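Got the viewer open? Here's a short walk through the model, one selection at a time.

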Amino acid sequence: MWLCMNPSSATDELDDATSRKLTRHSRRLNFGRLFLLNVMDYRATDPVQLPEGEERSVENLEHIRRCARRSDCVALAYGGLRQNPRWIEYANDALEICRRAPICRVATNRDGSPRHPRRFPAIFELQAQ
């Protein structure tokens, strides 16, 4: 399971560059299936376009929980969250409910957050959290 953050233009029916990249990496890493989830309900190609206020719902957290229970690994890939302190809270809440599965990441940003997929190297191995 990849736990990401906006921006994105992908849907459950249409891929974008990030979802295509994660699909390629998942195949290369021999994942049996792929769950691609966002910390928040909303998506936008620019985080400034996200609605103010409650950007995530209880339903989104429950969806993350269900997918994490079915996953052998939860790979954090939500990038830096400095733009909005609430996003850090949302990421921490999502991380907390994923604790039953091993947590990993590709790399870490300077601020300690997991690197976003657009910043992944071409070849990598997942690192334990």
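Before the first stop, a word on axes: here they are lines fitted to C-alpha atoms, for helices over the stretch in contact, and angles run from 0 to 180 degrees between N-to-C directions. Keep in mind, too, that this is a predicted model.

**Stop 1: two helices together.** Select residues 58-69 and 85-97. The first range is helix α2, the second is helix α3, and their axes come within 9 Å and cross at roughly 35°. As for handedness, α2 passes α3 in a right-handed crossing. Now show side chains: Leu-61, Ile-64 and Arg-65 on the α2 side meet Asp-93, Ala-94 and Ile-97 on the α3 side. Sorted by type, the residues of this contact come out as 4 nonpolar, 2 charged and no polar.

**Stop 2: zoom in on Leu-61.** You're still in helix α2. Is Leu-61 buried or exposed? Its relative accessibility is 16%, so Leu-61 counts as buried. Leaving aside neighbours within four places in sequence, Leu-61 is in contact with Arg-56, Asp-93, Ala-94 and Ile-97. Try a distance label from Leu-61 to Asp-93: the two are 32 residues apart along the chain, yet their C-alpha atoms are separated by 8.0 Å.

**Stop 3: α3 by itself.** End to end, the 13 residues of α3 reach 19 Å from first C-alpha to last, close to the 18 Å expected at 1.5 Å a residue. Colour Trp-87, Tyr-90, Ala-91, Ala-94, Leu-95 and Ile-97, which are the buried ones in this helix. They sit on the same side of α3 because they cover an arc of only 165° around the axis. Swing round to the other side of α3 and you'll find Pro-85 and Glu-96, both exposed. What lies over the buried residues? The cover includes β1 (2-4), α2, β3 (74-77) and β4 (103-105).

**Stop 4: His-25.** Move to helix α1, where you'll find His-25. With 7% relative accessibility, His-25 counts as buried. Which residues does His-25 touch, leaving aside its neighbours within four places in sequence? Select Phe-120, Pro-121, Ala-122 and Phe-124, which are in contact with His-25.

**Stop 5: Asn-30.** Step on into the loop between α1 (17-28) and β2 (36-38), and pick Asn-30. Most residues other than glycine have a negative phi. Asn-30 goes the other way, with a phi near 65°. Turn on the surface to finish: Asn-30 is exposed, and its relative accessible area is 68%.

Technical notes:
Residues are numbered from 1 along each chain as its sequence is written. This is a predicted model: local features need pLDDT of at least 70, side-chain atom pairs count only at pLDDT 80 or more; totals for chains, interfaces and linings use all residues. Side-chain values use heavy atoms; hydrogens and water are left out. Helices (H or I, at least four residues) and strands (E, at least two) are DSSP runs, numbered from the N terminus. A crossing is left-handed if the near helix is turned anticlockwise from the far one by less than a right angle, and right-handed if clockwise. Contact means heavy atoms within 4.5 Å. Ala, Val, Leu, Ile, Met, Phe, Trp, Tyr, Cys and Pro count as nonpolar, Asp, Glu, Lys and Arg as charged, and the others, Gly among them, as polar. The expected span of a helix is 1.5 Å times one less than its number of residues. Buried means under 20% relative accessible area, exposed over 50%, partly exposed in between (1.4 Å probe, protein chains only). The arc is that of the directions from the helix axis to the C-beta atoms.
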